[in-house]
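Student: Got a minute to go through this one with me? I'd like to start with the strands and then move on to the rest.

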Amino acid sequence: MSGPKLCLWGLSRCLIYFLLLNVFGLLFHLPMAAAQQRLIALDKLQSGLAFTGPEILDLQGDDFANPGLPFLEKGAKLWNQVSGKNDKSCQSCHGELKSMKGAATRYPAIDKASGHLFNLEDRIRHCRQKRQKAAEWPLESEELLSITLYVTSASNGMPIKVSIDGKAQSHFEAGQKIFTTRQGQMNLACTQCHDQRYGIKLFTDKLSQGQPNAYPAYRIEWQRLASLERRLRFCYTGVKAEIPAWGHEDMRDISLYLMWRAQGLKIEVPSVRK
Amino acid sequence: MTTARLQLPARIVEGDVFKLRLLVQHPMDSGFLRDLEGVLVKRNVIRHLQCIFHDKEVFRVEPTTGTSANPLFEFYLRATKSGELYFRWVDDKGYIGELRQKLVIEPANQSKAPKP
């Protein structure tokens with residue numbers, strides 16, 4: 001009696017499994033196939049400025065009161081300042097600042113000698129250590145941020161264009177994976193806020209697209225200049241995830257992904273952010 | 001080291017009320033915040049800032065921990081003769097910052113040209 005029924009059930013179950021497998025297979029393969037698909041179209045990219053209020057716009061646009069300007073001046077001083085055992089300043093090798101034009105649009109990039117992914121701060125620290133033989137500037141120190149701001153300012157108004165070919169590809173993929181993976185006690189992925197929900201409000205502020213084109217930025221909340229790395233760490237705090245150590249490769253990977261994602265967006269420093 | 005910048009109008013005519021903006025570079029550590037390593041940063045704010053013009057105090061602020069880092073002070077003055085603006089400020093550590101700026105006032109009757 002129950003024989004044919006069971007058989008039928010078995011068949012349909014097989015069919016369901018088969019379908020499910022296919023669906024999972026598709027889901028599983030989709031991100032791979034679309035590894036370089038943009039979640040925000042290039043013409044929809046907006047700088048963080050588009051999401052801040054008029055006060056921040058005014059402050060950033062003010063040629064006198066912009067709180068990033070003193071740091072820019074400090075960066076200019078450091079550029080010409082001779083230091084280290086080799087008695088060299090940045091200026092003695094690189095000349096005027098215009099030689100740095102476009103540099104900030106290309107970082108993070110692979111360092112040819114070591115094969116590591118360097119962001120601009122890493123490059124400057126490396127240069128200071130190897131070429132100047134000078135005392136190290138710790139990450140997030142005012143000196144390092146000021147000189148980074150100064151170097152970045154040479155690329156002001158230029159579109160971002162990082163390379164994700166060759167050795168950078170694995171870093172890019174790692175960054176993309178972090179960006180699209182849920183994490184932390186809040187169980188949120190970066191992409192859920194910054195790709196899917198930008199423009200709507202989170203508490204009192206608008207969610208931005210999370211664009212990296214204005215860093216190092218003066219953050220009102222911290223009352224000082226801050227690197228992209230510090231901003232990313234703050235996002236980790238936001239989703240209550242475990243924060244990687246300072247200088248961790250993960251942060252460089254995400255930065256690379258963010259810079260690729262922001263391709264074409266213009267560098268704007270000195271900038272002010274909430 | 002603290003430094004400061006002052007912004008003045010390009011021309012000031014006798015009797016004009018003009019705006020001054022003074023940006024003082026100062027961390028204004030409130031004493032409530034911790035640094036990146038979690039160590040409490042000792043309070044260090046500007047306690048007293050004044051502007052002296054022709055030996056007279058024309059502006060004074062006594063900021064507290066509620067004032068942001070790198071504070072911007074904006075105020076108005078009316079001057080009838082040229083002189084030197086002298087700014088002086090003291091912070092919790094006892095550091096004294098100073099800024100001197102020559103102020104050139106154009107006589108009123110000579111200024112036929114329209115104001116910018």
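Tutor: Sure, one term before we start: two strands pair if DSSP finds at least two bridges between them. Strands (E, at least two residues) and helices (H or I, at least four) are DSSP runs, numbered from the N terminus. This is a predicted model, where local features need pLDDT of at least 70 and side-chain atom pairs count only at pLDDT 80 or more, while totals for chains, interfaces and linings use all residues. Residues are numbered from 1 along each chain as its sequence is written, and chains are lettered from A and ligands numbered from 1 in the order in which they are written.

Student: OK, which residue stands opposite B:V90?

Tutor: That's B:I96, in β8 of chain B. Eight bridges join β7(B) to β8(B), and the two run antiparallel.

Student: How many residues sit between the strands of that hairpin?

Tutor: Four, and B:G94 in the hairpin takes a positive phi near 90 degrees. B:Y95 also lies in the loop between β7 and β8 of chain B.

Student: Is B:Y95 buried or exposed?

Tutor: Partly exposed, because it has 13 other C-beta atoms within 10 Å. The cut-offs are 20 or more other C-beta atoms within 10 Å for buried, 12 or fewer for exposed, and partly exposed in between, with C-beta atoms placed from the backbone.

Student: And how far apart are B:Y95 and B:F18?

Tutor: In sequence, 77 residues; in space, 29 Å from C-alpha to C-alpha.

Student: Back to the strands: what order do they have in the open sheet?

Tutor: β5-β4-β7-β8 in chain B, four strands with antiparallel pairing. The edges are β5 (56–61) and β8 (96–103), each of which pairs on one side only. From one strand to the next, the twist averages 15 degrees (axes are lines fitted to C-alpha atoms, for helices over the stretch in contact, and angles run from 0 to 180 degrees between N-to-C directions).

Student: Why does β8(B) lie largely in the open?

Tutor: Because the number buried among its eight residues is zero.

Student: What joins β4 to β7 in chain B?

Tutor: Seven bridges, between residues 46–53 and residues 83–91, running antiparallel. In that pair, B:L49 stands opposite B:W89.

Student: Switching to chain A: how many helices and strands are there?

Tutor: Chain A has 11 helices and seven strands. Buried residues make up 31% of its 274 residues.

Student: What's the average pLDDT of chain A?

Tutor: It's 88, and 87% of the residues score at least 70; pLDDT is the predictor's confidence in each residue, from 0 to 100. Watch residues 23–34 of chain A, though: pLDDT is below 50 there, and beyond near neighbours in sequence the stretch has zero contacts in the model. A contact means two C-beta atoms, placed from the backbone, within 7 Å.

Student: Which domains is chain A divided into?

Tutor: Domain 1 (40–62 + 159–273) and domain 2 (69–153), with bounds from an automatic or database domain assignment. Their centres, taken over C-alpha atoms, are separated by 22 Å. The contact takes 24 residues from domain 1 and 21 residues from domain 2.

Student: Where does the largest share of the domain 1 side come from?

Tutor: From α11(A), which gives six residues.

Student: Last one: how many residues does the contact between chain A and chain B take?

Tutor: Seven residues from chain A and nine residues from chain B.
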